[in-house]
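Trainee: Could we go through this model together? I would like to take one chain by itself and then turn to the contact between chains.

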Amino acid sequence: MADHSGVSHGVARTSRERTAEQKLVETEKITKYRELEDEVRAAVVRNEYTPELFQLTSKLLRINPEYYTIWNVRRRSLISGLLSKRSAGSSPSKASPSTSPTATTTTPSAASSSSSSTATPPVPESSTAGKSSSTADEPAFPPSNPGDETAAAEQKDREILRLELDFTIPLLMKSPKCYWIWNYRLWILQQAIERLQVAVSRRIWEEELGLVEKMLNRDKRNFHAWGYRRHVVEQLESSSLAGASMVETEFEYTTKMIRQDLSNFSAWHRRSKLIPRLLDERHADDMVRKDFLDRELNFIREKLNVGPEDYSLWYYHQFLMLNLLNYVGHPTIAPTLTNDERAAYITREIDDIKDLLEDYPDYKLIYEALLDYTLSLCQVEGRKPDSSEKEQLIEWLRQLKRLDPMRDGRWTDLERDCGLLKLGFGKN
Amino acid sequence: MESLGDTLWDIVICGTGLQQSLLALSLSRTGKKILHIDPNEYYGGPDAAFSLQEAEAWVDRHASISSGVFRSASITKPEGSAGLSFSRAYSLALTPQLIHARSKLLSQLVSSRAYKQVEFLAVGSFFTFKPSTDPEQKPTLARVPSTREDVAFETTLSLKAKRGLMKFLKFVLDFEGETQLAVWQPHANSPFNEFLQQEFKMDAELQKYIITLTLSLDGQMSTRDGLAIIYRHLTSMGFFGPGFAAVYPKWGGISEIAQVACRAGAVGGAVYMLGTGIKSQEISDNDIELQLTSGDKVKTKLLVQADDKTEGTFSISRLTAIVASPLKGLFESVVEGAPLPAVSVTAFPAGALQTEAGESYEYPVYVVAHSSDTGECPAGQSILYLSALTTPHSQDVLKKALESFLESVGDKQIPQRLFELHYEQGRGSVESKASGLIFTLPNVSPSLAFDDAALDPIKTAWGVVMGEDASNTEYMAFPDREHADEEMSDE
């Protein structure tokens with residue numbers, strides 16, 4: 001028999017109304033939550049950073065990962081007992097009262113500053129009851145010599161850090177944009193650099209890169225993920241992880257992302273930022289640089305050819321044009337081009353963009369680009385627009401007024417500034 | 001337990017092809033008394049998938065038949081069968097069809113919950129065969145671009161041609177809009193290629209790309225049909241994930257869906273009997289008495305069967321080849337984050353192939369390649385399903401196509417051909433027929449991509465069975481069964 005009770009179109013209906021029973025269930029949940037929270041806060045006030053407190057933070061954070069204070073409590077739990085004590089010679093603990101903030105206010109993209117501010121409150125070795133061994137059920141055996149002790153400590157730390165990373169994963173799946181979870185991950189990753197051998201921490205960071213890639217595949221234009229990726233790559237390139245430059249693979253990665261979606265503004269932006277270092281590391285001479293510029297212009301030309309409405313594509317084209325125009329005091333792709341060569345490049349671009357008008361007569365960004373670049377060409381050649389250019393400028397401004405009437409004032413201003421109104425060409 | 005003859009059945013369904021099986025699925029929660037029989041010893045009817053032994057037995061039955069859906073069946077083993085694995089390592093689909101992501105079939109499988117039993121694989125790139133212009137060079141396959149990104153990264157078309165292609169793709173995506181209708185409706189019934197040429201100035205090259213995407217077997221569809229088919233392809237692209245527009249069920253394609261549907265019918269209480277057909281029938285006012293080949297006599301209020309006669313001259317020639325190579329180049333994912341495809345399509349445009357006698361074959365030929373990920377052959381091998389409109393020379397042309405295709409994909413050596421199945425497949429009536437207590441489902445034309453039109457007669461049959469209840473029952477929409485996973489065990 002077909003049974004449709006409670007089900008509509010095969011999908012359970014989510015109701016906004018709550019029955020008395022549901023209200024009761026919710027009230028119980030709230031009470032339990034408050035009790036949990038009170039327990040945690042009480043322990044913090046008493047400075048009792050025990051493994052029990054640590055477990056309580058797990059419970060609380062699973063319910064509410066946005067409660068950033070509790071992430072701090074968790075950090076302190078780790079530092080004050082669960083993770084191994086750092087010996088006097090290693091990085092000094094910045095002693096300060098227990099209320100010192102850790103990375104609570106930074107976003108993942110600015111995370112590099114947060115990772116150095118892991119202020120650790122001083123905790124007396126012997127005081128708190130129940131403090132000691134690792135979260136795992138490891139027997140505490142007395143190490144026979146200092147070397148073993150360090151190795152054992154590192155092994156313990158490694159496991160704890162891995163468990164912490166695992167802990168955040170289901171939370172991330174549920175709340176992929178929660179800053180506090182990502183911050184905590186970064187803090188754990190930084191601990192890995194400080195506490196573990198280079199080979200081990202490097203592998204952990206490489207896995208992190210894999211995780212960011214998964215995030216970016218899910219949401220290609222996640223601006224925060226791109227920032228996070230940049231930070232991860234920076235660390236992987238740094239000496240603290242025995243790194244080498246990754247600029248080539250990063251550049252290739254932007255190509256892959258663009259292949260997936262032309263409109264990926266973040267990918268184009270990243271690409272533009274990588275180019276100066278890319279060319280430097282390739283020890284590119286003038287010919288190689290010119291060739292690179294030609295290829296990038298060709299690359300963007302093909303994209304504009306199919307996506308003239310797309311602002312991110314025009315943004316990148318402008319970036320390349322600025323390379324030709326704004327070369328004084330800026331690192332550019334081909335700094336030794338002569339003025340004539342620059343003019344030739346701009347002229348070619350203008351001609352190619354005019355071709356687009358054949359098939360795309362109604363995209364305002366095309367007219368804007370033609371306007372911009374024609375004026376730039378005149379600048380480069382140190383002259384004013386000639387009469388045929390003026391006619392074109394008037395026509396393009398006319399189109400812009402038609403396609404973008406909201407900015408009518410701007411187009412009129414431009415007409416005036418270019419001396420086009422006085423000549424009595426093109427009314428309205 | 002009651003014997004079959006004691007029950008007055010609500011419906012007897014004859015045949016377990018996709019259509020009859022979907023009917024059983026649609027009725028699986030009604031509690032109606034359903035007897036579902038099939039004269040074959042296997043599920044799937046014309047949509048079945050065969051092991052090598054089953055294929056050989058099937059060929060024996062169809063070698064000399066000159067009527068019915070299938071005829072002129074034969075098997076050849078051109079290079080000996082040294083590399084062939086055991087019979088059950090293969091699952092050769094008689095009617096291989098890919099299913100577009102936006103197909104109504106998939107949404108019905110979802111709403112009826114049957115989709116959980118099926119594993120879907122991605123259909124990847126579409127290629128057009130390009131003969132070599134230089135005798136020293138081998139022929140190549142050109143990937144057909146169907147997204148903006150594809151077009152931007154494609155390397156053989158000119159900028160101008162690409163703009164033309166983009167304009168067309170944009171036009172199709174909104175082909176039912178006012179401006180667009182004004183452009184194509186006057187030409188709705190004229191040939192699609194002419195429309196492409198006149199309205200979009202598409203040269204022969206670009207037209208070939210578009211025709212490939214239509215999977216049309218006679219290359220001559222109307223503008224209206226062409227636009228609808230391309231629209232289906234484009235809107236399906238990326239619908240389930242990046243990089244693919246269609247899916248293919250693992251373990252034999254449509255046959256797998258038919259089996260899953262029958263399983264659902266059985267869980268719902270229907271009685272299944274393979275190897276059982278109808279010997280004779282006696283129709284009275286309120287029921288039909290059927291004499292089954294099993295010796296049972298059953299009475300039913302309604303009989304649903306499929307049309308097994310073919311009408312008209314439309315017929316497809318098929319060549320199914322098992323090849324000793326994984327043909328990895330055909331199954332690459334082109335876009336980051338896309339699943340690895342298990343199926344790819346290559347079209348030989350009309351006029352690309354010649355018969356032995358040197359005559360040009362004026363229809364397209366399609367090669368649908370399946371990797372071992374489909375479960376249809378062992379790892380290290382692939383299956384090539386070739387199809388072409390039947391002419392006196394079509395089998396010849398298929399052989400040529402296979403040879404040229406293998407030449408273009410072979411790396412250093414031309415891949416070895418282990419087993420080849422040849423047959424012809426016809427189309428029956430397109431209309432369902434209801435005469436009194438017998439409902440005959442049409443034998444739908446075997447296209448290369450599943451056609452949603454095939455679903456309409458099934459709903460009509462469902463309506464006949466449901467009677468008055470049809471108006472207040474939603475079609476193919478069921479909640480999850482409790483303990484669903486425990487009940488449905490794999491066979």
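Mentor: Certainly. This is a predicted model, and its chain B has 13 helices and 24 strands.

Trainee: How compact is chain B, then?

Mentor: Its radius of gyration is 23 Å, close to the 23 Å that the globule rule gives for 491 residues, so chain B is as compact as a globular protein of that length. Along the principal axes, the C-alpha atoms of chain B fill a box of roughly 75 × 60 × 45 Å.

Trainee: What share of the residues of chain B count as buried?

Mentor: Of its 491 residues, 56% count as buried.

Trainee: And the contacts inside chain B: what part comes from residues 24 or more positions apart?

Mentor: Such pairs make up 71% of the contacts in chain B that have a separation of 6 or more.

Trainee: Let us move to the interface. How many residues does each chain bring to the contact?

Mentor: Chain A gives 33 residues and chain B gives 26 residues. Between them the two chains bury about 2600 Å², with 51% of that area on carbon and sulfur atoms.

Trainee: Which residues of chain A stand out there?

Mentor: A:Arg259, A:Val306 and A:Asp359 do: they supply 28% of the area that chain A buries against chain B, more than any other three residues.

Trainee: What about charged pairs across the interface? How many salt bridges are there?

Mentor: The rule finds 10 salt bridges between chain A and chain B. One of the residues just named, A:Asp359, forms a salt bridge with B:Lys167, and their closest N and O atoms are 3.4 Å apart. The rule also finds 12 residue pairs in polar contact across this interface, both residues being at pLDDT 80 or more.

Trainee: Which elements make up the chain A side?

Mentor: Those that give two or more residues to it are helix H7 (198-218), helix H9 (247-260), helix H11 (286-306) and helix H13 (339-359) of chain A. By residue class, the side of chain A that touches chain B divides into 11 nonpolar, nine polar and 13 charged.

Trainee: A change of topic: where is A:Glu164, and is it buried or exposed?

Mentor: A:Glu164 lies in helix H5 (residues 146-174) of chain A. Its relative accessible area is 3%, under the 20% cut-off, so A:Glu164 is buried.

Trainee: Which residues does A:Glu164 touch?

Mentor: Leaving out residues up to four places away in sequence, A:Glu164 touches A:Phe54, A:Arg74, A:Leu78, A:Tyr184 and A:Ile188.

Technical notes
Residues numbered from 1 in each chain as written. Chains lettered and ligands numbered in written order. Predicted model: local features only at pLDDT ≥ 70, side-chain atom pairs only at ≥ 80, totals over all residues. Heavy atoms only, no water. Contact = heavy atoms within 4.5 Å. Buried area = accessible area lost by both parts, 1.4 Å probe. Salt bridge = Lys/Arg side-chain N within 4 Å of Asp/Glu carboxyl O. Polar contact = N/O pair within 3.5 Å; in protein donor to acceptor, adjacent residues only side chain to side chain. Helix = DSSP H or I, 4+ residues; strand = E, 2+ residues; numbered from the N terminus. Nonpolar A, V, L, I, M, F, W, Y, C, P; charged D, E, K, R; others polar. Buried < 20%, exposed > 50% of the residue type's maximum accessible area, 1.4 Å probe, protein only. Rg over C-alpha atoms; globule rule 2.2 N^0.38 Å.
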